[in-house]
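Open the model in a viewer and keep the sequence panel beside it. The stops below are given in the order in which to select them.

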Amino acid sequence: MRISTSTIFEAGSAKLSDLQASLVRQQEQIATGRRMLTPADDPVAAARALEVTQTQSANTQFGVNRQNAKDSLSQEESSLQSVTSLLQDVKTLTVNAGNGSLDDTQRKSLATQLQGQLDTLLGLANSRDSTGNYLFAGYQITSQPFAQSPTGATYLGDQGPRLLQVGPSQQLEISDSGNAVFERNKTGNGVFLTAAATAAIPASATTVNAGSGVISSGSVTNAAQLTGHNYDIVFSGAPGSTTFAVYDKTLDPTEVAPLPVSGAYVSGQSIAFDGLQFSVSGTPAAGDHFSVTPSTNQSIFTTLQNLIGVLNTPAVGSVAQAALTNGLSAANDNIGHALDNILTVRATVGSRLNTIDDLDSNGTDKDLQYSQTLSQLQDLDYAKAVSQLTQQQTTLTAAQQSFVKITGLSLFNYL
């Protein structure tokens with residue numbers, strides 16, 4: 001069989017080109033550190049690497065979201081901590097205002113101090129985060145949530161808590177609405193509200209009491225017996241022979257049939273019925289009224305505004321002193337509930353921050369796993385690659401030298 005010179009050259013050149021291409025590819029693998037330079041090198045591994053890369057990118061984005069959530073919640077916690085300190089100071093001021101040695105001028109001084117704290121609280125309720133969004137506005141993050149009003153402040157935001165995706169199947173609240181933080185504070189003892197018919201307490205009856213009776217906040221004796229009704233306690237008779245009558249205003253709005261608990265009044269003695277109890281002390285006058293109604297939500301701003309009104313009202317005489325005591329007692333109860341609500345919100349914020357920390361730890365572990373999987377799919381075994389490179393260089397050099405010798409053969413060399 002004859003092999004032409006052109007065939008020898010073509011076959012040799014093709015083989016040298018293949019060897020050269022293999023050498024270049026091996027050099028590229030070493031330079032990039034990647035086993036797969038194109039999907040064609042390993043289609044199955046390339047598809048798997050793409051899937052892992054996308055999952056890792058999503059995990060990285062969740063990490064960014066968690067950091068944003070942590071920043072927002074940390075700023076909220078900082079604001080709530082300031083609110084807590086402020087309300088604790090207000091509660092101390094309220095207790096001090098009940099000191100019998102204070103006169104009207106000194107109580108007005110306390111009212112001025114309280115007005116400053118109310119303004120500070122309004123500023124805290126309108127706090128912004130690092131991006132300029134309002135923390136307690138619900139979804140209305142670009143609108144100021146609270147505006148000053150005659151009742152203290154009006155909430156202009158909505159009820160929506162903002163959510164952020166912090167995991168593949170988990171969303172987390174990164175804010176609390178101003179309504180949930182500052183507006184949902186129970187009045188009275190949290191179950192029912194006792195109030196004297198005095199102008200200093202807007203939630204009370206319309207008749208102004210003329211005696212020095214003071215009503216306690218009361219407590220629940222049997223939750224199963226609670227009715228949720230409105231009651232009216234009416235006093236009658238001269239001092240020393242005063243009696244009281246308790247009416248269920250819900251069932252008996254015209255006050256025709258008093259409850260069996262009605263009878264002779266003894267200062268400080270408990271009055272108990274329908275699963276609740278309270279006491280009235282002092283000297284109520286004939287016709288004085290006290291009410292018992294279910295607790296409702298009241299804004300902390302309204303509580304402070306009412307307290308300012310109580311402190312600014314002259315308290316000369318036993319009747320005015322009783323009104324002052326009733327007003328301070330109501331304010332003290334409401335401030336206590338507001339503090340409890342703030343602490344509850346802070347607890348949920350802390351719980352969410354702990355959740356983020358747990359998810360961060362889990363996300364870091366996942367990212368490490370994804371990186372290890374990608375390394376197994378894509379990364380080059382350098383020891384093996386360098387060995388193959390040396391072998392290919394040797395093979396190419398030998399092939400080149402052999403090709404030169406083979407192509408140089410001729411019969412004329414033997415003549």
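**Strand β10 and the open sheet**

Strand β10 is largely enclosed by the rest of the structure, because five of its six residues are buried. Buried here means under 20% relative accessible area, exposed means over 50%, and partly exposed lies in between (1.4 Å probe, protein chains only). Helices (H or I, at least four residues) and strands (E, at least two) are DSSP runs, numbered from the N terminus.

This is a predicted model, in which local features need pLDDT of at least 70 and side-chain atom pairs count only at pLDDT 80 or more, while totals for chains, interfaces and linings use all residues. Residues are numbered from 1 along each chain as its sequence is written, and side-chain values use heavy atoms, with hydrogens and water left out.

Select residues 243–248 for β10 and 231–236 for β9; the two strands run antiparallel and are joined by six bridges. Ile233 is the residue opposite Val246 of β10. Six residues separate the strands in this hairpin, and Gly237 has a positive phi near 95 degrees.

Next, add β11, which runs antiparallel to β10 and is joined to it by two bridges. Two strands pair if DSSP finds at least two bridges between them. Opposite Ala264 of β11 stands Thr243.

Now show the whole open sheet: five strands in the order β6-β14-β9-β10-β11, paired antiparallel. Its edges are β6 and β11 (263–264), each of which pairs on one side only.

**From Gln225 to the second hairpin**

Select Gln225, in the loop between β8 (219–220) and β9. Gln225 counts as partly exposed because its relative accessibility is 45%. Measure from its C-alpha to that of Asp274: the distance is 5.3 Å, although the two residues are 49 apart in sequence.

Asp274 leads to the hairpin of β12 and β13, where two residues lie between the strands and Asp274 takes a positive phi near 45 degrees. Four bridges hold β12 against β13 (residues 276–281), and the two run antiparallel. Ser270 has Ser279 of β13 as its bridge partner.

Which side chains of β12 (residues 270–273) point to the buried face? Ile271 and Phe273 point to one face and are buried, whereas Ser270 and Ala272 point to the other and are not.

**Helix α5**

Select residues 300–312. The end C-alpha atoms of α5 are 18 Å apart, which agrees with the 18 Å that its 13 residues should span at 1.5 Å a residue. That expected span is 1.5 Å times one less than the number of residues.

At the start of the helix, show Ser299: one of its side-chain oxygens comes to within 3.1 Å of the backbone nitrogen of Phe301. Then colour the buried residues of α5, which are Ile300, Phe301, Thr302, Thr303, Leu304, Leu307, Ile308, Val310 and Leu311.

**Cavities and a pocket**

The last stops are spaces. On a 1 Å grid over the protein atoms alone, a cavity is a set of points where a 1.4 Å probe fits but cannot get out, and a pocket is an open set with protein on both sides within 12 Å along at least five of seven lines; lining residues have an atom within 4 Å of a point. Grid points are joined across faces, edges and corners, and a volume is the space filled by probe spheres set on the points.

Two cavities of 30 Å³ or more are counted. The largest holds about 90 Å³. Its lining has 14 residues, and Thr194, Ile215, Asn326, Ser329 and Ala330 lie nearest its centre. β6 (192–196) and α6 (318–378) are the elements that give two or more residues to this lining.

The second largest cavity, about 30 Å³, brings back Ile300: its lining is Val83, Leu87, Leu121, Val181, Phe182, Asn185, Ile300, Ala338 and Ile342. At least two of the lining residues come from each of α2 (43–97), α4 (178–183) and α6.

Finish at the second largest pocket, with a volume of about 160 Å³. Select Asn68, Asp71, Ser72, Gln75, Asp129, Ser130, Thr131, Asn133, Arg162 and Ile174 to display its lining.

Key: A polar contact is a pair of N or O atoms within 3.5 Å; within protein, one must be able to donate a hydrogen and the other to accept it, and residues adjacent in sequence count only if both atoms are side-chain atoms.
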